[in-house]
Amino acid sequence: MKIGTAVGAAVLAIVLHTLPASATGQAALEQKADRSLHSTEYGETLPPIGYVNFCSTNATECKPYASAAPSAMGMTPDRWNTLYQINTYVNGKIKPVSDQSLYGQAEVWTYPTTAGDCEDFVLLKKRALEKLGLPAKNLQITVVLDEHMEGHAVLTVATQEGDYILDNRRNDILLWNDTNYTFLKRQSSANPKQWVALLKKPAPAATVASATKR
């Protein structure tokens with residue numbers, strides 16, 4: 001099933017009424033609501049090549065926003081539960097498999113149906129949340145280095161209370177600086193095809209060149 005289909009949208013509606021809310025996530029929201037924790041942007045940078053190729057075949061998914069102004073979005077309990085449920089649903093439905101295993105090549109960004117790489121999880125979550133009414137400019141594809149200094153992709157949800165991370169490696173939603181990741185770059189909130197650096201000094205070329213894993 002693809003979330004973009006009418007059937008997929010109906011399934012999403014059912015999922016949102018059947019999956020349990022995250023009690024631990026709600027507690028974290030209450031404890032950290034007064035912390036405005038946002039990652040710092042250091043100017044424009046190049047997007048991942050996989051994203052460039054994705055946009056060349058999915059132009060409507062990468063079109064500029066109607067307004068370049070930032071979209072203020074608070075993290076309400078209902079919104080928290082929506083994020084948690086979509087994160088949990090996609091993490092449970094899609095099997096993590098490398099692009100090399102699936103397609104015989106690296107850096108293939110696409111919407112997964114049963115299996116996909118980490119950036120495919122991100123694309124599916126982003127599209128599902130947009131269809132549920134969350135502002136697209138607050139849902140930013142993000143490239144990081146994990147604890148092993150290997151490339152990984154996550155979805156940043158920019159809120160007034162901080163930048164929260166949806167990750168295919170965990171169902172819990174964490175603030176960006178609670179993930180133990182090194183944040184490299186992400187989509188700009190002004191234009192999805194523009195990317196901004198989140199690290200002052202360049203990361204090792206080898207890790208950035210292939211910036212996503214399962």
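Which residues touch the most other members of the largest nonpolar core?

1. **The main core.** This is a predicted model. Its largest nonpolar core has 37 residues. Tyr 51, Phe 54, Leu 83 and Leu 129 touch the most other members.

2. **What builds the core.** Several elements give two or more residues to this core. The helices are helix 3, helix 4 (77–93) and helix 6 (118–131). The strands are strand 4 (139–145), strand 5 (151–159), strand 6 (162–167) and strand 7 (170–175). Helix 6 gives the most, with seven residues.

3. **A separate core.** Another core lies apart from this one. It has seven residues. Among them are Val 144, Ile 165, Tyr 181 and Val 196.

4. **Aromatic pairs.** A pair of aromatic rings is described by the distance of the centres and the angle of the planes. The structure holds six such pairs. One of them joins Tyr 51 and Trp 109. The ring centres are 6.0 Å apart and the planes stand at 65 degrees, so the pair is edge-to-face. An angle over 60 degrees is what that label requires.

5. **Where that pair sits.** Tyr 51 belongs to helix 3 (residues 49–57). Trp 109 lies in the loop between helix 5 (99–103) and strand 3 (115–116). The two are 58 residues apart, so the pair links distant parts of the chain. Tyr 51 is buried, because its relative accessible area is 3%, under the 20% limit. Trp 109 is buried too, at 6%.

6. **A second link.** Phe 54 and Tyr 111 also form an edge-to-face pair. Their centres are 5.7 Å apart, with 75 degrees between the planes. Phe 54 lies in helix 3 and Tyr 111 in the loop between helix 5 and strand 3, so this pair ties together parts 57 residues apart in sequence. Phe 54 counts as buried at 3% relative accessibility. Tyr 111 counts as buried at 12%.

7. **The ring cluster.** Which residues do ring pairs link into a cluster? They are Tyr 51, Phe 54, Trp 109, Tyr 111 and Trp 195.

8. **A charge over a ring.** Tyr 111 has a further partner in Arg 127. The charged end of Arg 127 sits over the Tyr 111 ring, 3.6 Å from its centre.

9. **Around Tyr 51.** What does Tyr 51 contact, leaving aside its neighbours within four places in sequence? The contacts are Cys 62, Trp 109, Ile 141, Gln 187, Pro 192, Lys 193 and Trp 195. Trp 109 and Trp 195 also belong to the ring cluster.

Key: Residues numbered from 1 in each chain as written. Predicted model: local features only at pLDDT ≥ 70, side-chain atom pairs only at ≥ 80, totals over all residues. Heavy atoms only, no water. Phe/Tyr/Trp six-rings, centres within 6.5 Å; stacked < 30°, edge-to-face > 60°. Helix = DSSP H or I, 4+ residues; strand = E, 2+ residues; numbered from the N terminus. Buried < 20%, exposed > 50% of the residue type's maximum accessible area, 1.4 Å probe, protein only. Lys NZ or Arg CZ within 6 Å of the ring centre and 35° of its normal. Core = buried A, V, L, I, M, F, W, Y, C linked by side-chain atoms within 4.5 Å. Contact = heavy atoms within 4.5 Å.
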